[in-house]
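Let's take a walk through a structure with more than a single chain to look at. Keep the view open while you read, and try to find each residue as its name comes up.

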Amino acid sequence: MSGKLTRQFLIYGAVCLCILLVPVVVDDAFLLNKYARYLVFGMLAIALSLSWGYAGILNLGQATTFGIGSYCMAMFLKLKTVPVHTGSEGLPDFMVWNNVTELPWIWVPFQSTTFSLLAGILLPALFAALLGWFIFGGRIAGVYAAIITLAVMVVANLIIIDQQSYTGGFNGITDLAEFSFLGIDFDAYSASTYYLVAASLTVTLFLALAVSRSKTGLILQAVRDQEERVRFFGYDVALYKTFVFALSAGIAGLAGMLYTIVMEFASPTFLGVPLSLSIVIWVAVGGRQSLIGAMLGAILVTGVQGALSESEAFLETWTLIMGGLFVLIVLLMPKGLAGAIEALVRRLPQAGNGRSARHTEPDHRPETHPNLGGTQ
Amino acid sequence: MTGNREQLLALRQATVSFQGFVAVDRLDFSVAAGELRCLIGPNGAGKSTTLDLICGKSRITSGEIIFRGEPIHTYREFRMARTGIGRKFQVPSVFRELTVMENLEIGCSREPGVWHNLFRFSGGADTERLERLALLVGLQDELSTQAAHLSHGQTQWLEIALILAQDPALILMDEPTAGMTAHETNMTAELFNRLRGQHTLIVVEHDMGFVRDIAETISVMHQGRLLAQGTADEISEDPGVREAYLGSGGIGHA
Ligand SMILES: Nc1ncnc2c1ncn2[C@@H]1O[C@H](COP(=O)(O)OP(=O)(O)OP(=O)(O)O)[C@@H](O)[C@H]1O
Ligand SMILES: [Mg+2]
């Protein structure tokens, strides 16, 4: 049994090491910035894999909590900039343009570094906990839960656009100071920012792995399989689902904060339907029941997408190509690339000892189609 | 035999109606601690529904359910389970995507908290107990088999083992031998006789041979009501029971 665990740790460790070593080979600042962006998407995919792949909760609004995290960081960095027109004690530029005379109360705590960094993770988690408590406590499951997550995101997006004087509205929050922490400056176009993102990704991945292998992770898989049955053993299913939903949101929030550092702005498009659906696609392609599969799925898809959209030859057709690939993979490999690779490894002769299955990645499980509606 | 034992469970005037159809009708039914009670009755008599009421799957529309002196019928399902009630369903219901061992770990639910279980990993203190349970139901060689690949009889046994892992004071078994071979049924009877005394059991069963093997007291339900109660011989001589089973091929074939 520990054989599989060791193998899993080795694979996860090796992949993270490769990611961490990229700046040794690449010293083009623009490329590093682009790769850091892909890694942020990988983190989002891990977040969705936890809730969708493990607990069967399809979150079509994962970008909501990503956006909250991203705005937390943007507000923090905005307050660090010295406004050009009003001087160092002045209000952020867009507030001046909107005739705001004093710093709105929600902005005040973002003058603190500790508060801002914690808020970027805890606010999304709290938001998701409240939403989850409402959804799961009310026994709303499957498609209906997914639709609520989507609707909430649309509302959040509209509120941000509407409250221009507090949020920068449609333009988002731009012209941010450089993030610096513990004496290190994180220039968006630098190896230090890449390392920051890569290290956060590694920590997140192993944290998610630990959760997935804990008994709580096992109970979540049981919930995905047969929610009703789990209750009669005395587990508070709504609480378990709310927990994983909030954990997933916290990870997405962290990803959002990093995204603001990498992109140097926050925008209402971060809470958009296109991003949310993209996350679902990455995770489905990579394999939703494999954390590392989902993560690599995101990096791979966004990487290929980036390459195709930049090349002359595919300028017009790349969305079509991506769409086609997605349909093919989902039809041919219901467990995504991770599932397909596992199936392949199992066929190899030396995989005889791989028979001992532990929970996390299903070992010899029948192929089921990704269930867009969750469990029930 | 049950006379001076402490009462564990009592249904008082328990009634449930589904959109006007009364499935359980003012049922008075009680079980003493340590008892093994069989509940029989023709198809549609309301046996499964009665178990549903006791574990919270369905809710009584009137009456009350007292367990260990507490009225539990207002509790949510997981709270009812935590007071010490375990349920095996008529359609065997295990976690098909998980392995046998993982299933047993889920069954072991003494500590049901999210936070507590976040720091518990497989191979913990319970492993030995769970392996013994697997041995008890003959699944010791299937620990890493996915539950979806088990035979029907094995699935039934796995669910029984899950309930034993849960270790509740009161076990509700809904047709545990359905789909089992004669040999498997005998082994199940043996198992139940071993459980006697350690747990209180309510067993819904159609197989009268099996019922005779295990029963102390038999309760007969018909049209949502308690029709008769007594030993196997008393029951089979009861004219009311005979009449209820008329047309369904006699008591053994219901
Ligand atoms: N959720 C429900 N909604 C409507 N009717 C129901 C529901 N559950 C049970 N019934 C009805 O209640 C009656 C009793 O059903 P129940 O399943 O308790 O019978 P049973 O004694 O277990 O029968 P069997 O031996 O066939 O399992 C049946 O007529 C059934 O159709
Ligand atoms: Mg029944």
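A salt bridge here is a side-chain nitrogen of Lys or Arg within 4 Å of a carboxyl oxygen of Asp or Glu. Keep in mind that this is a predicted model.

## A salt bridge between two chains

Here's a pair to start with: Glu159(B) and Arg229(A) form a salt bridge, with an N to O distance of 3.1 Å. Glu159(B) sits in helix H6 of chain B and Arg229(A) in helix H9 (residues 215-231) of chain A, so this pair joins two chains. Are these two residues buried or exposed? Both Glu159(B) and Arg229(A) are buried.

What makes such pairs possible? Side chains of opposite charge can pair when their charged atoms come close.

## Where chain B meets chain A

Now zoom out to the whole contact. How many residues does each chain bring to it? Chain B gives 42 residues and chain A gives 35 residues. Three residues, Phe95(B), Glu97(B) and Val114(B), supply 19% of the area that chain B buries against chain A, more than any other three residues. Counting both chains, about 3,500 Å² is buried between them, and carbon and sulfur atoms give 56% of that area.

The interface has its polar side too. Between chain B and chain A there are 21 residue pairs in polar contact, and three salt bridges cross the interface. On chain B, the elements giving two or more residues to the side that touches chain A are helix H2 (77-82), S6, H3, helix H4 (114-118) and helix H6 (152-166). Which element gives the largest share? That's H3(B), with five residues. Sorted by class, this side of chain B has 17 nonpolar, 13 polar and twelve charged residues.

## Salt bridges elsewhere

Over all chains, the count comes to 17 salt bridges. One of them lies within chain B, where Glu35(B) pairs with Arg37(B) and the closest N and O atoms are 2.7 Å apart. Glu35(B) and Arg37(B) are both buried.

Another one is made by Asp174(B) and Arg87(B), at 3.4 Å from N to O. This pair links distant parts of the chain: Asp174(B) is in strand S7 (residues 170-174) of chain B and Arg87(B) in strand S6 of chain B, 87 residues apart. Again, both Asp174(B) and Arg87(B) are buried. Over in chain A, salt bridges can be found as a network, linking Glu227(A), Glu228(A), Arg231(A) and Lys241(A).

## The magnesium ion

Next, find the magnesium ion (ligand 2). Which protein atoms are its donors? They are OG of Ser48(B) and OE1 of Gln90(B), lying 1.9 to 2.2 Å from the ion. These two residues come from distant parts of the chain, 42 residues apart: Ser48(B) belongs to helix H1 (residues 47-55) of chain B, while Gln90(B) is in the loop between strand S6 (85-88) and helix H3 (100-107) of chain B.

Is Gln90(B) buried, partly exposed or exposed? Its relative accessible area is 34%, and the label "partly exposed" covers the range between under 20%, which is buried, and over 50%, which is exposed. So Gln90(B) counts as partly exposed.

## Two more residues to find in chain B

Asp213(B) lies in helix H8 (residues 208-214) of chain B. With a relative accessible area of 45%, Asp213(B) is partly exposed. Leaving aside its neighbours within four places in sequence, Asp213(B) is in contact with Asn186(B), Ala189(B) and Asn193(B). You can also check the spacing to Glu190(B): the C-alpha atoms of Asp213(B) and Glu190(B) are 8.6 Å apart, and the two residues are 23 residues apart along the chain.

Where is His149(B)? Look in the loop between helix H5 (127-136) and H6 of chain B. At 48% relative accessibility, His149(B) is partly exposed. From C-alpha to C-alpha, His149(B) and Ala182(B) are 22 Å apart in space, with their positions 33 residues apart in sequence.

## A look at chain A

Finally, turn to chain A as a whole. It has 14 helices and two strands. Of its 376 residues, 55% are buried. Now take the contacts in chain A between residues at least 6 apart in sequence: 78% of these join residues at least 24 apart.

Terms used
Residues numbered from 1 in each chain as written. Chains lettered and ligands numbered in written order. Predicted model: local features only at pLDDT ≥ 70, side-chain atom pairs only at ≥ 80, totals over all residues. Heavy atoms only, no water. Donors = N, O, S within 2.8 Å, 3.2 Å for Na, K, Ca; no water. Helix = DSSP H or I, 4+ residues; strand = E, 2+ residues; numbered from the N terminus. Buried < 20%, exposed > 50% of the residue type's maximum accessible area, 1.4 Å probe, protein only. Contact = heavy atoms within 4.5 Å. Buried area = accessible area lost by both parts, 1.4 Å probe. Polar contact = N/O pair within 3.5 Å; in protein donor to acceptor, adjacent residues only side chain to side chain. Nonpolar A, V, L, I, M, F, W, Y, C, P; charged D, E, K, R; others polar.
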